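User: I'd like to learn how to read the nonpolar core of a protein. Could you walk me through an example?

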Amino acid sequence: MTQPLRILMSPAAAHQAAGGLAEALGARPYVLAGIGDDADVAFVSRDVTGLSTKHAVLPDTQRFHDALRAAPSLRWVHAHSSGADRPVYGELLARGVAVTTSSGANAGVVVQTALAGVLMLARCFPQLLEAQRSRSWAPLVGSGLPRDLAGQTAVIVGWGPIGQGLGSLLSALGLRVVAVRSSDRAAEPPASESVSYERIGEVLPRADWLVLACPLSERTRNLVDAAALARLPAGARLVNVARGEVADEAALIDALQRGALAGACLDVFAQEPLPAASPLWMLPNVIVTPHTAGHSDGNEARVATIFLDNLRRWARGQPLLNRV
């Protein structure tokens, strides 16, 4: 007799996926495991993570992570996030547990956020909003007209669903798009040029916009360091919807304070929550958002669909999608 598959997931996620679990598993029985029970597979949903970050893990999230660590039979964990750089996933991988992500679920929303960052910086919204708060009528005619976006160059680091989606929109606005990616494969639309991570220095001198949308890995950690920032032309701006550790934050702050970098829209940081003492909060040419680029009311359903698709594959012995 087939033993029931033990699935560790939150009550909220189990309620949402109730019908889908049976459909995905077919005739195979399953039971929902609780905190402290052994489990075969687990789903780390958004409600489990809550307001925790990888740097500051709140008690409820810690209990779930500890349950993952303590389950000796655990063989596969699915994460609601597009990346798996939280320490618990590294520990599970080291022990032979398969880890999959929900890459692509929030890609459209992140693309919209990154585009908003480009447009807000291009149209001087930090300056205009500050003028609004001070009730000051400050037309851009008097402070230097914004440059037309058409004809500018955007270097997009990371050529997955987010990079490609943003590239298509920026190309439609008349920008030239250069892709920086994991390989040296030839460029395909909307990119006119493509280089590997290791060759990023070759394209930075032409970057009016440097957009970070790549996974965090040993190849991308501190990819944008002081030397890389120094290669950017005067007036360049940076948008980061990847991970804070992709850019050297101290070097980034220095470049922004000196005016070597004209502006930045930052959704991710080296330490999250961003410490209150960070200069980034108050720099007039910086937009700070609290790692919310991928949040929307439709993400939960898209993540559940990816998890259930992978559960179906798991039950049939097929390769898992988005495996780390």
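**Reading the core**

Analyst: Happy to. Bear in mind that this is a predicted model. Let's start from a single residue: leaving aside residues up to four places away in sequence, L210 touches V155, V157, L204, V224, L232, R237, L238 and V239.

User: What is the general idea behind looking at such contacts?

Analyst: In soluble globular proteins, nonpolar side chains tend to be buried together. Here, the largest nonpolar core has 37 residues, and the members touching the most others are V157, L210, L212, L238 and L280.

User: Which elements give two or more residues to this core?

Analyst: They are the strands β6 (153-157), β7 (176-181), β9 (209-212) and β11 (263-266), together with the helices α9 (200-203), α10 (226-230) and α11 (249-258). The most comes from α11, with five residues.

User: Which residues does the second, separate core include?

Analyst: V118, L166, L170 and A213 are among its 27 residues.

User: How many helices and strands does the protein have, and how should I read its radius of gyration?

Analyst: There are twelve helices and twelve strands. The general idea is to compare the radius with what the globule rule gives: here 22 Å is close to the 20 Å for 324 residues, so the protein is as compact as a globular protein of that length.

User: What share of the residues is buried, and what about contacts far apart in sequence?

Analyst: Of the 324 residues, 48% count as buried. Among contacts with a separation of 6 or more, 63% link residues 24 or more positions apart.

Notes. Residues are numbered from 1 along each chain as its sequence is written. This is a predicted model: local features need pLDDT of at least 70, side-chain atom pairs count only at pLDDT 80 or more; totals for chains, interfaces and linings use all residues. Side-chain values use heavy atoms; hydrogens and water are left out. A nonpolar core is a set of buried Ala, Val, Leu, Ile, Met, Phe, Trp, Tyr and Cys residues joined through side-chain atoms within 4.5 Å. Buried means under 20% relative accessible area, exposed over 50%, partly exposed in between (1.4 Å probe, protein chains only). Helices (H or I, at least four residues) and strands (E, at least two) are DSSP runs, numbered from the N terminus. Contact means heavy atoms within 4.5 Å. The radius of gyration is taken over C-alpha atoms; the globule rule is 2.2 Å times the number of residues to the power 0.38.
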